[in-house]
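Reader: Please go through one helix and the core around it, with the cut-offs stated.

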Amino acid sequence: RLANARRLTLLVLGPDAREGSSEQELAACFEPFVSALVDYREEDEVDALVVVLTLVGPNLPHDGSFQRTISAARGGAKAHMHVTCIPLMLHEEEATARVQLTEGEVACAFAFNAGLWGYDSWASSVAALGRMSGRVPLVVTSYNELEADEDAGVLEEMGLDEHSDWSWAPEANPFAATRQWQNSLGRTAADNWWWQCLTPAALAAR
């Protein structure tokens, strides 16, 4: 799907000031990700990739949109990054309406270091994602293995089935950050250390 795509629309749920408190900081956070997407495309794909990033989360310090042009590592390849910030929860009516106005059908949603196990509000937002058209997959990352298992348990409690709704179960993320630390619970942690992918569309029918 990505190899010859010209436009890719992605949803990021739950970002906050860690991703950036200004357009410059947000751009710096996501530019390496967009550059990697460009490098993944077919080598003979010459048209610039348009990556539409819609960030949705109540703790976002920025409300609005901006664009950047990014040069990828592969010689001459470029991407146009369109970023929209919506400082609301996805299940709120205004947020859902604004997401539906974004460019193109959402290909994938991400919840980075989400801590689903610690916030009851995630259930409503995951359900709202499940009601979106196109069976949008959700990639959830966690600080460590234990939190990834706890996140998976919360998703199962929402009504998802580990055998039919997961594309891959919690596992170590090969793209995780390398810096580790001890969190307040005494656990070793790293940004996006573990990840899992599921499709919450089944929640719409349950």
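Reader: Which residues of H4 are buried?
Author: This is a predicted model, in which local features need pLDDT of at least 70, side-chain atom pairs count only at pLDDT 80 or more, and totals for chains, interfaces and linings use all residues. Residues are numbered from 1 along each chain as its sequence is written, and side-chain values use heavy atoms, with hydrogens and water left out. Buried means under 20% relative accessible area, exposed over 50%, partly exposed in between (1.4 Å probe, protein chains only). In H4 (helices are DSSP runs of H or I, at least four residues, and strands are runs of E, at least two, numbered from the N terminus), the buried residues are Glu-147, Ala-148, Asp-151, Ala-152, Val-154, Leu-155 and Met-158.

Reader: Why do the buried residues of H4 line one face?
Author: The arc is taken from the directions from the helix axis to the C-beta atoms. Seen down the axis of H4, the buried residues line one face because they fall within an arc of 160 degrees.

Reader: Which elements do the buried residues of H4 pack against?
Author: Contact means heavy atoms within 4.5 Å. The buried residues of H4 pack against helix H3 (122-130), strand S6 (138-142), strand S7 (166-172) and strand S10 (194-198).

Reader: Which element gives the largest share of the largest nonpolar core?
Author: A nonpolar core is a set of buried Ala, Val, Leu, Ile, Met, Phe, Trp, Tyr and Cys residues joined through side-chain atoms within 4.5 Å. Among the 31 residues of the largest one, Leu-138 and Leu-155 are included in those that touch the most other members. Elements giving two or more residues include S6 and H4. The largest share, 5 residues, comes from H3.
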